Amino acid sequence: MASAPSTPGSLSSSHAAPVPTIHEAERESGPSGAVIRGAEIEMATAVARRRVELDVVVCGADVDANRRLAYQIEAAVGPTTRPEAPHKRPGPMALPHFHQSNRSPKGHTFYETNRRKAKKKP
Amino acid sequence: MKYFTKDLLERYGSQDDAVANSADAEWETAIDRYEAYLQTIRPDMPESLRQLEDGFCFHDARILSMGRRDDTFVISLQLDMPPNELVTIIYILSGAPEINKEPFADGKDTPLPWWLYEEIEQVGTDDGKHFVYSILFSNGWEITLPFREVQVSLAEPVYPLPGTVFVPMSTPAAAPSA
């Protein structure tokens with residue numbers, strides 16, 4: 001496991017924030033760019049999933065906690081990029097994400113923001 | 001780049017939550033502003049540019065090569081989404097390209113370049129109107145290409161295979177002994 005730099009968003013907040021949840025994720029085909037959230041999983045499962053090039057998504061109302069947890073998952077796999085902001089081309093429902101700085105293993109750790117949310121699996 | 005700038009992207013990844021959240025709001029505004037601008041120039045776009053804009057998502061594509069000869073600039077890349085098709089984009093230049101090799105100030109460059117964000121701009125007036133294509137790469141490079149025509153070709157990958165990892169050299173290659 002690679003050593004990780006300091007965690008983004010390490011400033012603590014004083015209010016009791018909702019705890020983010022981690023979910024299996026897949027990208028919806030088509031122009032929406034949506035990330036579909038599946039079953040809730042534990043941190044260790046999320047890291048294992050990322051190691052085999054599968055996506056995960058961190059969901060919740062506290063964007064700071066979401067971003068921090070998403071970073072921790074990706075950093076447990078190896079050196080990560082900075083969070084990548086959603087681009088217009090993947091679609092209006094695309095989520096920001098981390099991935100490995102050398103893109104290996106492939107895949108993403110997405111996280112929800114105040115404006116962008118994952119879709120629930122039908 | 002005028003909308004999706006390196007500075008904004010660095011603030012987006014700030015360790016300070018307040019800075020990151022402010023940048024997130026700014027980023028969303030930039031997307032809306034850029035979308036609105038694109039609609040104003042779309043009627044003047046050549047068909048090939050509209051196809052490039054509508055038909056491809058280059059975000060996170062791996063850059064395989066870039067090169068220039070006379071008024072032609074070529075970028076070869078592999079798309080991120082399966083089936084990881086190979087794309088060759090040929091820009092017929094209408095002016096000199098600008099290549100800014102400044103790394104990201106936060107030092108979070110990736111060792112190899114991936115395509116992050118692009119912008120299309122229309123510049124000039126009347127008969128001098130033409131388009132400029134700007135690309136920001138994950139190694140911090142920013143390329144600005146004034147062009148009059150663009151061509152795209154697509155191929156299923158034979159090599160490199162999807163999932164191939166390119167490992168950058170961490171030290172310069174040793175010079176051959178005399």
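**Figure 1. Contacts across chain B of the predicted model.** Of the contacts in chain B with a separation of 6 or more, 59% join residues 24 or more positions apart. Chain B holds three helices and seven strands. Read from the N terminus, its elements run α-α-α-β-β-β-β-β-β-β. Along the principal axes, the C-alpha trace of chain B spans about 60 × 45 × 35 Å. Chain B has 178 residues, and 25% of them are buried.

**Figure 2. Helix 2 of chain B, residues 17-41.** This helix has 25 residues. At 1.5 Å a residue it should span 36 Å, and its end C-alpha atoms are 36 Å apart, so the expected span and the model agree. The buried residues in helix 2 of chain B are D17(B), A20(B), A23(B), D24(B), W27(B) and A30(B). What covers them? The cover includes helix 2 (63-77) of chain A and helix 1 (6-12) of chain B. Both chains therefore appear among the elements that cover these buried residues.

**Figure 3. D32(B), a residue of helix 2 of chain B.** Is D32(B) buried or exposed? It has 12 C-beta neighbours inside 10 Å. A residue with 12 or fewer is exposed, so D32(B) counts as exposed. P103(B) is 71 residues away from D32(B) in sequence. In space, the two C-alpha atoms are 27 Å apart.

**Figure 4. The hairpin of strand 1 and strand 2 of chain B.** Strand 1 covers residues 62-69 of chain B, and strand 2 covers residues 72-78. The two strands run antiparallel, and seven bridges join them. S65(B) stands opposite S76(B), which lies in strand 2. Two residues sit between the strands of this hairpin. Here D70(B) takes a positive phi near 50 degrees.

**Figure 5. Strand 2 of chain B beside strand 3 of chain B.** Strand 3 covers residues 86-93. How many bridges join strand 2 to strand 3 of chain B? There are seven, and the strands run antiparallel. V74(B) stands opposite I90(B) in strand 3. In a regular strand, side chains alternate between the two faces of the sheet.

**Figure 6. D126(B) in a loop of chain B.** The loop runs between strand 5 (115-123) and strand 6 (130-137) of chain B. D126(B) is not a glycine, yet its phi is positive, near 50 degrees. Its surroundings hold 5 other C-beta atoms within 10 Å, so D126(B) is exposed.

**Figure 7. R103(A) and P105(A) in a loop of chain A.** Strand 4 (97-98) and strand 5 (109-111) of chain A flank the loop that holds P105(A). R103(A) lies in the loop between strand 4 and strand 5 as well. A cis peptide bond joins S104(A) and P105(A), with omega about -5 degrees. R103(A), a residue other than glycine, has a positive phi near 60 degrees. Its 19 C-beta neighbours inside 10 Å make R103(A) partly exposed, because a buried residue needs 20 or more.

**Figure 8. Confidence along chain A, with residues 1-13 in view.** The mean pLDDT of chain A is 85. In this chain, 80% of the residues reach 70 or more. Over residues 1-13 the pLDDT is below 50. Beyond near neighbours in sequence, this stretch has 25 contacts in the model. Where pLDDT is low, predicted coordinates should not be read in detail.

Methods:
Residues are numbered from 1 along each chain as its sequence is written. Chains are lettered from A and ligands numbered from 1 in the order in which they are written. Two strands pair if DSSP finds at least two bridges between them. Helices (H or I, at least four residues) and strands (E, at least two) are DSSP runs, numbered from the N terminus. Two residues are in contact if their C-beta atoms, placed from the backbone, lie within 7 Å. pLDDT is the predictor's confidence in each residue, from 0 to 100. The expected span of a helix is 1.5 Å times one less than its number of residues.
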